[in-house]
Amino acid sequence: MPLAPKEIETKINAVVTAWDSLASDASFGGFTLAKFKTKVQPSLDVRTEAETLDSQLAIALDKRATADQESNDAILMVVNSIKGDPEHGEDSSLYAAMGYVRKSERKTGMKHQRPSVEPTVVKLAA
C-alpha cells in the first residue's frame, strides 16, 4: 500500500538527516547523499509549490468573498431603487426579470384556510 504524502515527506527528511549526520560520506543503493538529495528534491519542490498554491487559493477565496459582498450590496441598492421607482416598482416586469417575485404574485403566507367561526348561542336560564 502506498504511503500517504505526509509520510513520504517525513521519511525523506528522516533519511536525509540520519544519513547526513551518521554516514555522510557513504553510498547506499547506488546513491551518494548528494545524488539522493537531487533524486528526492522534486518531491519536496512540489510540496512547496502546493503550499504556495494553497495560500494563493485562500487569498483568492477571501478576495472573492469581499468582492461578492460588495456586489450584493450594489444589487440590493439597485433592486431597492427599482422597488421605490414609481415607473417600475415591486410589480414590474423589470423586477420580475431580475429574479424577484412580483408583489401581485406573492402568496399570503397562510397555509390553511381560516376556520369559519359560527356564533355560539347561549341560552340564559329564566
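With a relative accessibility of 9%, Ser92 counts as buried in this predicted model, because the limit for that label is under 20%. Ser92 sits in the loop between H2 and H3, and its side chain is busy on two sides. A polar atom of that side chain lies 3.0 Å from the backbone oxygen of Gly89. A polar atom of the Ser92 side chain also lies 3.1 Å from the backbone nitrogen of Tyr95. Setting aside residues up to four places away in sequence, Ser92 touches Ile82 and Arg102. Of these, Ile82 is listed among the buried residues of H2.

Tyr95, the partner on the backbone nitrogen side, is itself buried, at 5% relative accessibility. The ring of Tyr95 pairs with that of Tyr100. The two rings are stacked, with 5.1 Å from centre to centre and 25° between the planes; they earn that label because planes under 30 degrees apart count as stacked. Tyr100 is partly exposed, with a relative accessible area of 30%.

The stretch around this loop brings in a few more partners. Asn80, a residue of helix H2, is partly exposed at a relative accessible area of 45%. Asn80 and Glu90 are ten residues apart in sequence, and their C-alpha atoms are 9.0 Å apart in space. Further along, Ser104 belongs to the segment after H3 and counts as exposed, at 53% relative accessibility; the label applies because the limit is over 50%. The side chains of Ser104 and Asp91 are joined by a polar contact of 2.7 Å. Along the chain these two residues are 13 residues apart, and their C-alpha atoms are separated by 6.3 Å. Lys107 lies in the segment after H3 as well and is exposed, with 79% relative accessibility. Between the C-alpha atoms of Lys107 and Leu76, which are 31 residues apart along the chain, the separation is 22 Å.

Helix H2 itself covers residues 33-84. How does the span of H2 compare with what 1.5 Å a residue should give? The 52 residues should span 76 Å, and the end C-alpha atoms are 75 Å apart, so the two values agree. That agreement comes with a local bend: H2 has a kink of about 40° at Val40, shortly before the proline Pro42. Val40 is also one of the buried residues of H2, along with Leu33, Phe36, Arg47, Val79 and Ile82. These buried residues pack against H1 and helix H3 (93-97).

Arg47 is the charged name on that list, so to speak, and it lies in helix H2. Its relative accessibility is 16%, so Arg47 counts as buried. What does the side chain of Arg47 reach at 2.7 Å? The partner is the backbone oxygen of Pro5. Neighbours within four places in sequence aside, Arg47 is in contact with Pro5, Ile8 and Glu9.

The largest nonpolar core holds six residues in all: Ile12, Val16, Trp19, Leu33, Phe36 and Val40. Helix H1 (5-22) and helix H2 are the elements that give two or more residues to this core. Within the core, Val16 touches Leu33 and Phe36, and the contacts of Val16 also include Lys37, again not counting residues up to four places away in sequence. Val40, where H2 has its kink, is a member of this core too.

Aromatic rings add another layer to the picture. The count comes to four aromatic pairs. In one of them, Trp19 and Phe28 meet edge-to-face, at 5.3 Å centre to centre and with 70° between the planes. Planes over 60 degrees apart count as edge-to-face, which is why this pair gets the label. Trp19 is buried, at 8% relative accessibility, whereas Phe28 is partly exposed, with a relative accessible area of 46%. Ring pairs link Trp19 and Phe28 with Phe31 and Phe36 into a cluster. Two members of that cluster, Trp19 and Phe36, are also found in the largest nonpolar core.

Terms used
Residues numbered from 1 in each chain as written. Predicted model: local features only at pLDDT ≥ 70, side-chain atom pairs only at ≥ 80, totals over all residues. Heavy atoms only, no water. Core = buried A, V, L, I, M, F, W, Y, C linked by side-chain atoms within 4.5 Å. Buried < 20%, exposed > 50% of the residue type's maximum accessible area, 1.4 Å probe, protein only. Helix = DSSP H or I, 4+ residues; strand = E, 2+ residues; numbered from the N terminus. Contact = heavy atoms within 4.5 Å. Expected span 1.5 Å × (residues − 1). Bend = angle between axes of the 7 residues up to and from the residue. Phe/Tyr/Trp six-rings, centres within 6.5 Å; stacked < 30°, edge-to-face > 60°. Polar contact = N/O pair within 3.5 Å; in protein donor to acceptor, adjacent residues only side chain to side chain.
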